[in-house]
Structure formats: C-alpha cells, structure tokens
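Here are a few notes from my read-through, in no strict order. Have the viewer open while you go through them.

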Amino acid sequence: MNWIVRNLWLVPVLPVLAAGISALAKRKSRVLAASLAIGSMSLSFLLSVWAFAHVLALRNSGQPSLQVFNFRWFQFGNEWLSLGWMLDPLTAVMLVMVTFVGLLIFIYSVGYMEHDDNFMRFFCFLALFAGAMLGVIISNNLLLLFMCWEIVGLTSYLLIGFWFSNPKAAAAGKKAFIVTRIGDVLFFLGIVWLYAQSGTLLFYDNGAGFLEHSAISHLLTQTTTTGICVATGIALLIFCGAVGKSGQFPLHVWLPDAMEGPTPVSALIHAATMVAAGVFLVARVYPLMSAHTGLADVITTSTALQAVTWVGSFTALFGAVIAVAQYDIKRILAYSTVSQLGYMMMGLGVGGVSVGMFHLITHAFFKSLLFLGAGSVIHGCSGEQDIRKMGGLGKLMPVTFVTYAIGMLALCGFPLFFSGFWSKDEILHAAHTWNISQAPFYMGAFAALLTAFYMSRQVFYVFAGTSRLAEEHHDHAHAADTSSHHGSGSPHESPAVMTVPLMILSAFALLLGFLGTPAWPWFQSFLEDAPVSVNFGAFLTGGMLPVMLSSSVIVLLGLTLGWWFFGRKPIESADAPDNFGKLSPSIFTALGNALYFDAIYGATFVKLTTLLSRISDWLDRWVWNGAVQTVTYTVLGFAHLDNFLDTNVVNSGFDEGCDTVSRSGKLLSMLQAGRIQGYLKIVAGALVVFTIFLLWKAKI
Amino acid sequence: MITFPWISTLTIVPVVGAIVLLAFGSRNKVLVRWIALAFSFLALVLTLALWHQFNPLADGYQFQELHAWIPALNAEYRVGIDGLGLLMLLLTSIVVPIGMLASWQIQQRVSLYFALVLLLQACLVGTFTALNFFHWFIYWELGLIPAFFLIKLWGGPKSAKAAMQFLVYTMVGSIAMLMSFLAIYLATKTFDFTELAHLAQSGKLMPAVVSTLGWHLFTPAHTAMVIFLGVFLGFAVKVPLIPFHTWLPSAYSEAPTGTTILLTGAMSKMGLYGFLRIVLPLFGVQMQQVLTPLLWLAVATVVLSAYAALAQTDLKRIFAYSSINHLGYCMLGIFAVVKFTGGDAALTAQKFAAMNGVYLQMFNHGLTAATVFWFIAMLEKRSGGLRGLNDFGGLRKAMPVFTGLMGIALFSSLGLPGLNGFIGEFLIFKGSFPLVTWATASSAIGLLLTAVFILGVLQRVFYGPLGEKWVHLPDLTLGERLTLVPLIGLMFALGLYPQFILGVVNHTAIQMALNLRNF
Amino acid sequence: MSPLSGYLLLSALLFSIGLAGALTRRNAILVLIGIELMLNAANLNFIAFWRYGPNPAALTGVMFTIFSISVAAAEAAVGLSIILAVYRHSKSINLDAMNSMKG
Amino acid sequence: MTISFFIIAAITIVGTAAAMSLKNLVHCVLSLTLGLVGLALLFLLLGAQFVGFTQILVYVGAVAILAVFAIMMTRSAEPMTNLPPASFRLSGVLIAATVFAVLAWAISSATRSLPSQSSQPEVSVNQIGVALMHQFVLPLEVIGVLLTAALVGAAILAMDETGASR
C-alpha cells in the first residue's frame, strides 16, 4: 500500500480546497482565483499520472491492480459505516482524463471569461466541480459516490445558472438540478435497498464488498415479492441515477437547456466529465449489473444490461435525429453528446466495460475540443450562437477551423486516423456480435450516419460560404456574452490562451484512437487486466473487418450527404430556410423543437405536480381547517343556544311566576275592602253553599 | 451524595433571567437584549458542560435528581437525561440564542418579549429532562403560555386568531393525553416513566389499566387502544401529523420570526421527544396493532406537506410546511422502529439505524430550520416586512454573501450530502426501508418535492433580473456574519463528521430500540 | 206540613229578614238589631226542636235557649257601647265609614 | 197547625219586617219590640213558659231600650237622609232570599225524617232550676262571668273619654 494509494484523497481535496480558499478570500483578485484553480488542478493531474504509473507498474509486475483504502466514518447501532477510496485501472484512466481535460478547460476559460466580473466565483465553482467529480471517480463506497454525485449536481446547477440575472439561465439551472434529482432519488432508493440486502455499501472490502462474488451471489438468490431478482432491481435503480445524470432518453430534457451556461462549463461538465459520470457509474458497478443467474460462460446479458443497451441505443438514435434540425451551435453539440452517451451506454450493455469506457475517453477529448472550438467561434462572433448568422469563418479563424474540423471528423468516426472511428467501431462490432438482437447495431449505424450528416451541416454552416454576420448584429448585444466585445467588427481568431488547448486536444483526438485498435488493444486489456500482444491478424478475425468497412462507408455517405445539402451552395441570408429542411418542413420544425418533449413534460408532470400541490393546499385550507372551523362554530352555536335558553326561558319564567303571585295577592286583597256588609254577604254565600253541599251529600 | 444539581440549575437559569428582565423593565432596550442573550449563553455553557461530562456508554439516565414532591399522589420531582435528552437540551440552548438574535429589532415591550422567551426555554428544558409525568405535563402545558403570548402580542395582522387556534388545538390534545394518563395512574398508582416502561415491557400495564377501568362495552384490546389514542392525539397534534397540523402554518407565519425560530427549532421537537420517551415504551403493542394506518399518516405528512409547500407564496408558510415534511421523516423512522421483528438480528440493526437517524434528523432540522427562518427574518427586516416569493428577484446581485450563506442553509434543508441534512435522512431511509418498504419508497417523493420547492424559492428570490427597488439592499453586516459563521460551520461539521452527535446518542438509541424488542 | 216544619219555616223566615236588615241598612245600630233578630230565630229553632224532639225531658233545648238569650244580651250591650265609642270618635255610625281595617 | 200559630207568626213577621225596613229608626225599634213579643208568644205556644218570659224580660225590656238609648245618643233619630244605593240594598235582599230559599228547601226535604212527638212536654221552673244547679252548673258560672265582663266592658267603652283623661 504505497504512498499514492494512501493519499489518493488528495486528488479531489486539492481542487475543493482551492475552491474554498477562493470563496473565502476577501480580495477579489482574478490572478489568485485562476492560479489557485489551475495550480490545484495541475497538482491533481500530476498525482493522477503518478497513480496511473503505479497501476501500470502493478500490472506489469503481475500483482492485482485493485487497491483499496477504507476508513470508519460514524457508528450507528453496533456497526460502523465505513468509507474509502480505491485505485484500479478504471479509476486511473478516468483520473488522468478528467484532470487533463479539466486543466485544459481551466486554462481555456481564463481567456474566455476574462471580461466577466464574477471571474472568481466562476473558478471557485469550477474547482469545486472538479473536486466533486474526482471524488465520484475514486470513491470505494456507493454512499460516498452518491454524496459526490449530488455535489456534482449542485455545481452543475450553480454553473448553468452562472449568469443568474438571465432568467432563462436560472430556469435551466433549476431544471437541470430537478431532472437529475429525479434520477438521484431513485438512485438513493437503490442504495438504501442495496444496503438493506447486502449489509455494506463498499465496492471492494477484501471479500466483503458488495461487488465481490459472495455479496453478488447472495443478491442473485434473493427475489422480491413481485418476482424480480433483487440484483436486477437494484441495478435498474442505480441505472436510473445514471440516466438522470447522463441525460439518457426519458431524463434528457435538461442537457440542451444546460447550454445556457458559459461554454467552458458546457465543455467541461456537459461534454467531458459530468455526463460521463453516469456511464462511469454503470462501469463501476458492472459486476452487479452484469450479474445474472445464467451459466457463467454464456454471455447472456442480464436484464439490467439489456435495459442499458436498449435505452442507450434508443437515445443514440433519438439524439442524432434531433441534432439534425438544431440551429444553435451549442445545442447541436448538446444533442450530439446525448447521442454519443447513448452509444457509450450501448457499448457497456453489449461489449462490457472496456468498450464503453474507450468510447467515453475518446469522446471526452474530441467533444470538449468541439465545445471549446464552438466557444472560440462564439467568442469571435462576439456572442452570436445561431449558425445561420455565421458562415465563412474558415478563412477568418484558421486555427479554430482546423482544430474544429479534426474534432468533427473524430466525432463522426472518419476511418483509420481519428479516435472516434476506433472507439465507435468497437461498439458497433460488439453490437453486431450481440446475441440478443441486431436492432441496436442498426440503430447505432443509422445514428453514425446522422452524426456525420449533422456535424458536416454544422461545419459547412459555420465555416463555409460567405459571412452572414450582418452589421446590425453588433448592437444586438447578447445579454450573457457581452464580455467578448472587441473594437474590430468582423470575427477574428481567439487569443493563444484559447487556441493552444484546442491544438492539444485535437492532437489527442487524433492519437488516442491508436491505443485501442483491434490490432493492439492496449486500452481494453488495461481495463480488463488481460495481457496484451500486438497481432495484426485481429482485423480479419471475428467479423471485425466487415464492420469497419461498413462503418467507414456509412461515415463517408453521411459526409457527402452533408456536403451535397450544405457544402455545395451554403445559404446566403440568415433567414433563408435550411436546405435539408426544405425537403419536409413540418418534420424539420418538429425536430427543431426536440419533438416537443419539453412541452409534453411540461403538460404532464409539471402540471400534475402543480395540480397536486394546489389540491393539498386546498385540502389544508378547506378540509382540515374546515373540520376545525365546524368544531369551533358548533361550540359557539351551543354557547349562543345556552345563552338564549338562559335569558329567555329560565329568567322570564321566574319573572312570570313572581308577577302572577303579586297579581293574585292584589286580587285577594280586594276582598278585604273594609265593607263589613261585604264580609257578611260572603259568609251568607258560604252558608248557602255549605247547606246545599250538605243536602246534596245527605240526599245521595 | 451531594452532587451538583445540574439539570435543576439549567431549568432555573432562564427563569431567573426572566425575572431579572421583568424587574429590569424596558428602560434601556439594548441592555435588556444583551442581558437576555447573556442568560441564554449561560444556559448554553451549562449544556456544553453537561455534554462534556456525559458518559455516552452508561445505561439509563445520568445527572439524576429525585425529591419527593407530593407523596400522596406519588408525584416526585425526578429529572435525568440520557443521550436523547442531552441532544434536545443542546438543540434548545442553540436555538434560543438564535431566536433572540433574530428578534433584535422588536421595539415594543422588549423586556416582556425576552422574559417570555426565557420562560419558554425553561419549559423546554423542563420537558426534555422530566422523568415523572406529573411535572413533565406541567412543563408541557406551561410551555404553551409564553408561546401563545409571543405569537399574539408581537405577531402579524391575523396573529390573534392564529395564536388562539394554536393554543386550543394543543390544549385539546393535551387533555386527551391527560385523560389517558389518569387512567394509567389509577391502575398503577405511579407517574414515573421508568416504572411505567418496566410495567409495559412485562405486559402488565395494559391489563391493569383495563381491569381498573372496567369498561364493559369495550373489549380489553379496544380499551387499551382508546388509552393509546388519547396519548397519541396529544403528541400527534404537537409533532404535527397531517390531519392535526392546520394550526402550524398560520402560527408560524403570523408569529414574529424570532418566535417562529423557537417554535420550529425546539417546540416541534417536544412532540417527537414525547413519542420517543413516552409512547414508544408504553404503547409499543398498541402501535404495532395499528401500524399500517400510522404509516399512512406518516407518508401523508411527508408527501402532502411537500406538495402544499409548493403551492405557497409566503416564504414563512413554505418553510412551515417544509418543517412538517422533515418531521414526517422522523415519524416514519419512529413507526418503522415499532414494527415487530421478533428479535431478528439484522432487522434490529436496522432499527438502531432508524432510531439514530430520527435523533440526527431532529437535531439537524432544528438547527437548519432555525437558521433558514433567521435568514427570512433578516430579509424581512431589510425589505420592511415583505416576505412574499414574488416580492423579490435577483437579490444575488445586491447581496451576494447573504445569498451564499442562505443558499447553504437551504441546500442543507434540501438534504444535500456534505451538509447536516443528508445523514439523518439517509439513516432513516436506510433503517426503515427493510422494515416498512412501501412507506419508505413512497415518502422518497418528498425528497424530490423538497428540492423542487427550495429551488423554486432560490430561483424566484435570488436569481433572475434584480428588481430596481432592491438595488441598494445592504448585505450582511459583520455582526450578522460572525453569528452565522458558527452555525454554518456546525452544518458542515455535522455533514462531514456526524460522529460528534452519534457518538453520544448511539447508546441511547440501542437501549430504546432494544426495550421494544422483547415482546 | 207538620207543626215542627212550620216553626222551622218561620224561624228561617225570621232569620233571613234579620239577615236582609243587616245587609241592607247602613246604620250600625240597625245592623245590630238585625243580628239580634237572627239570634232570636235560632232560639225559636231550639225551642221548636225541644218541643217536638224525641226526649223533651232532657231540657237541653230550654237550657240552651236560656244561655243563648243571656249571651245575646251581653253581646247587645257590648255592641251598642262599641257603637257609642265609634260614634264619639268619628261622629258617624255609618258602616261604610268604619273601614280602617281595610286590606 | 193551630190558627193561633198563624196569627202570632204573622204578627212577628210584620213586626220584624217593619223593623228592618222603616226609615225612622225609632219606629224600627218599636216594630222590633212588637216582633220580639210575637216571638215570646210563640215560645209560650210551644210550652216553654220560662223561656218566653225570659225573652220578654231580656229582649223587650232591656235590649230594645238599650237600642233606643243608642239611637238617641248617636243623634241618628232624624229621618234617614240618603239611602244606600239601590244595588247595595238589592244584593242584600237577594242574598237573604237565597238563604231563606235554601233553608226552606232543606226543611221541606227533611220533613220525612223529623220526629213528630205531638205530646206537650210538661216542664216546670223547678225542673229548670234543678237542671241549672245540677246538670248545667258549669255553664251557669261561665254565663255569670261573661255577663260581668260584658257589663264592665260596656261601661268602660261607653265612658266619656274626656273624663278619664282629666
């Protein structure tokens, strides 16, 4: 357990520390913020390289390349919840990728954000994000991963809503956080269920971790009351978290809106790292995902992996289809990212960890390259993001054009030289050999065609033809991007601090592919812990060649189609209809609005929530309150009734009684009127009555 | 053995403070406030001393004091604290100074206000430490009076109605509880919690009560159930559970924010503390018989209050419903612990987790809710009494530090990991998932909705374009920042290392969960 | 009609004449005379019953009448002296004037 | 029913009726004495000589004269000036008539059960004296006391206030 493994926690903590210091620092100095962020990032990068080297050394010396360091966090009941971090090839690769791409993007954003007054806050959030992302990568405990996962969600919320005064950015930030939170809640339930079933959340704990054989087999034997195998249930819930974070089909609506954030944010978070976290999570818990009760040797993918494949392939196709009809330069790239992520999920589903991860790594480089290129284009056109208003930038911004072209070709998977080709080919090959169904292969191939098509459309719109950058554009100051106002009107090349990262990234976009070619599958073997050997025969075996040929044909077809529609005669004026759009305007506009998914969700879920909230508020105000009010009013009613009874019945009754007595008294007193004869008459009367009475009595 | 009567002194210090303030009169407002603060800090120091001397691994109650009070009624003055009691004392002694600081700008009858606050603190301390029903109930009821006047005299426009509803509602509940306890007293001739707990565990309590009552038209089970429902109603109103909660939003929104801090920070915990200290040990069997409806109540409390929070426009009402939501999680944890598991080791371990989760959630919610309401108080002070969602917009540009710190408090109440809210909720969910799976799954919706309405608040108050009339809003003064730093620091500390608290309360949680196990 | 019922009728007639006199006259003396007359009617009854009664030897009737006469005489004397006292006091013996005992 | 009974009865009735209805009081007293004498004769007719003579002694001799004195002393000898209102007198006569009617009805309905001893009982003053001294001695004494009390009372009452007061 050498030094680097024990101190791997430094990698995420350094950027977080930098973020903390720059947040608390009193003096608002840009130099301090930038240097802190870049310094900490480079330190993390060096440590990651060291860790990578350490893993290489372990692999070469034949030792197990998985090293774990666990520590006890807090005690509840008689057991301790312990966290920890781990170092294995997957972690090493991701660490290097994230730190390297992050570093380049940090440097790039120094130039991009130089005129923004919240410079410090931007770098503080970026550093916090990098720290959290690295935390997700190295954590050996699903709970620690979830905690960093949520902080990553928080920072993406903060960064998307960076220009908070723009209401659309604030709404986009909120939407991003809530949609990812939906996935996270299901992920949380998965964690809790897993903890209940396996008693531990540690991935690897020398035998006791839940990814290790004993726990997995235990999970496989359990079935819930509804009959699904517990392992599959938990795997699916965890996958929901990945769907939320990586913008897969049902929860993809937040990713295009996240383009409201500054471009470096889109590059770092919504292209390279954060969205990749979902794919990384599936890769990390792959043993659980792929656990199935079938015979070990037959690669019958478990239901969880089948779900991953289907969702991935559908998203790939879905993202590509919509990207064709977008006009905002960053939205095209956003939908392309959604589609590529679908590819990665499909790769994981059909081919396993190495296939998916290889595409993830290559995609991280060329997609961040494309985003940064788009950033410099926007920077050059002083904030303009609509490709219809651009054009003819190839000559004006040569470096950006060249690097952007390299990135575009890598993304489309231009045969042989570009990394995208090799990684996408691996996925298509794996999909081709998938024994469940061939549908994903065809969807993947068609998506590849569309990718080539919409990327070429974008390049021809932006770089080819004459500049449609009309003069009135200058006073139309885009609220967010006012920073890039230069004296000279026409677009111009970005400063060196922005173009250098572009060049480095484009170099990697070219060279990285050769790491994982079928001839010398070093990358795959590195991840699979298998020995590697150079053998050129690999092309011929296992149907690799036909898949490579067919994918090259598809890409070339896509590019020519793109040239045919957009390269031959680029549109002259900004408001001219899209050449491809002319074919079927109605479908084109539908695609432009992302098949109205936003409207659908808005109409269903959002309206349902507001309705339920209004119901429960109504329930509170009227039903419960009503019950209380009725009780109070009945009590008050009784009080009034009692008062009425008391005053009228009892009181007046008594008065009446007194009156009658006094009246009768007065009546009787009249008899004593003082006239003696009166008395005598009464006596005589009485005599008469008595005699009659006596006689009457006697007679009977 | 003459040991220093810690708890009695802790109860008396606020009372002395109140008397001093009343005697002092309201000649010099500033001095009155500082004296009140000094007394509450003295209480805080005492509590910290208690915390320091508390032995986390000892069974039973510590710092016990026992004095005969009314021998005829067998009502002794018996006080003592275990992990839970200590935690609640700490919470009270933190929340009360916050409440005082938040009511710094109260102008009329200042000394009376702070005297009532100190009296309320005394009653809270009394309730959390009493171990004999007789004087526990006195503190329980006495606590209502200062709260009633605090809401009524310094509250908003409709404060009289809200205060009255608050008082009568809680009073009805307490009367039901008193009835049940009288029945119990008739049967067992004792008010002491530990004795009653032993009787209940040995299963002799309910038969004795049923026989003394001798209700012929009810079967013994039904009679026991009626007794239980009486006590349950008393506490359900206080927690509150859904059907009995309508007093809370109006009381919280009409009360002056300083009092709302006390109400949400400490008083709402009295109900939960009552459940843990009294209802669980005594009525375990009855609760198991009606567990499903109770779970429905807990889930309804969590989900419906979250939905209701979405529909509010007044900031205080939103966070009133949010505290009902958070307390709903605690109720879920408590009902999960009650489930009969027949001593199955794994499930008992889950019970320990759920119980610890409830303790943590009680403390964290108290701390977070108090801080959030304090921010609302500051916002109210700056905006001259406005606290509607639509009154503000884009305050972040005007008050970046305020937004930052309030953001942290809001995210803590949202349950963001790394802050104190998360660990409690995680432990409750972890503990209650295997025990009451459907209830836990359905209350997960609450987690999502909390995020929705809190982000809604953040977006409509702090993000978006800055309204022109708020351009010159002053940011946090140095004094306010200094007082906020320890709280925010505590949130981070508890979020990152909850062992500070769990170390102390874990043993009590085990004891409580075990006491339920053996029938 | 037997002799006894004749005497009885006679005494009844005398009695009602005395009563009529007492009721109709306003002069106190005359009322007194009326009452005297009623007493005499009663005596007549006694003697009649004595005469035609089953046991005349018992002399009760006669004895009773003798006593009754003496009482009547005493009563007449006292009555007239009262009337004189009243007359001396209020100069009038009109019965309506003597109503100081009114209720 | 002998004719003498009817004559005496008529005399008594006329005398008494006149005593009650004449305006001049003196005439009233005189007609009263006539009536009383009639009564005495009736007593004699019934065989109670001693009672008859006592009647004449007491009533005619003393009471009538006493009444005349009273009339003289109260100066009510002058003729009656104003008669009491008709309604007053009429109600008096009416009530007297009802009383007579009821009594007559009682007598006539009770004749069947009345004893009809027709023999004239012989009674001598000696027997009366013996009875007084033997059988009725207590009443005799009481009557003596009564008469003296009446005597003294009447004297005091009639005494001239002014004399006593001087």
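Where in chain A is the place of A:Tyr596? Keep in mind throughout that this is a predicted model.

1. **A:Tyr596.** To take that one straight away: A:Tyr596 belongs to the loop between helix 25 (585-592) and helix 26 (597-671) of chain A. What caught my eye is its backbone, since phi is positive, at about 55 degrees, although A:Tyr596 is not a glycine. In general, most residues other than glycine have a negative phi. As for the surroundings, A:Tyr596 has 41% relative accessibility, so it counts as partly exposed.

2. **B:Arg109.** Chain B has a case of its own: B:Arg109 is not a glycine, yet has a positive phi of about 50 degrees. Look for B:Arg109 in the loop that runs between helix 3 (83-102) and helix 4 (110-129) of chain B. With a relative accessible area of 43%, B:Arg109 is partly exposed.

3. **The cis bond in chain B.** Have a look at the peptide bond from B:Val239 to B:Pro240, which is cis, with omega near -5 degrees. As background, most peptide bonds are trans. B:Pro240 sits in the loop between helix 10 (220-238) and helix 11 (247-254) of chain B.

4. **A helix pair in chain A.** How far apart are the axes of helix 6 and helix 11 of chain A? They are 11 Å apart, and helix 6 (residues 142-160) packs against helix 11 (residues 263-272) at an angle of about 155 degrees. Anything over 145 degrees counts as roughly antiparallel, so helix 6 of chain A is roughly antiparallel to helix 11 of chain A. The crossing of these two chain A helices, 6 and 11, is left-handed.

5. **What meets what in that pair.** On the helix 6 side of chain A you'll find A:Ser156, A:Leu159 and A:Ile160, and they meet A:Val265, A:Ile269 and A:His270 in helix 11 of chain A. Sorted by class, this contact between helix 6 and helix 11 of chain A has four nonpolar residues, two polar ones and no charged ones.

6. **Chains D and C.** How much area do chain D and chain C bury between them? The figure is about 6,400 Å², with 81% of it on carbon and sulfur atoms. Chain D puts 81 residues into the contact and chain C puts in 70 residues. If you want places to look on the chain D side, D:Met20, D:Leu46 and D:Tyr59 lose the most area to chain C, together 12% of what that side buries.

Conventions: Residues numbered from 1 in each chain as written. Chains lettered and ligands numbered in written order. Predicted model: local features only at pLDDT ≥ 70, side-chain atom pairs only at ≥ 80, totals over all residues. Heavy atoms only, no water. Helix = DSSP H or I, 4+ residues; strand = E, 2+ residues; numbered from the N terminus. Buried < 20%, exposed > 50% of the residue type's maximum accessible area, 1.4 Å probe, protein only. Axes fitted to C-alpha atoms, helices over the stretch in contact; angles between N-to-C directions. Parallel < 35°, antiparallel > 145°, perpendicular 65-115°, else oblique. Left-handed = near helix turned anticlockwise from the far one by under 90°. Contact = heavy atoms within 4.5 Å. Nonpolar A, V, L, I, M, F, W, Y, C, P; charged D, E, K, R; others polar. Buried area = accessible area lost by both parts, 1.4 Å probe.
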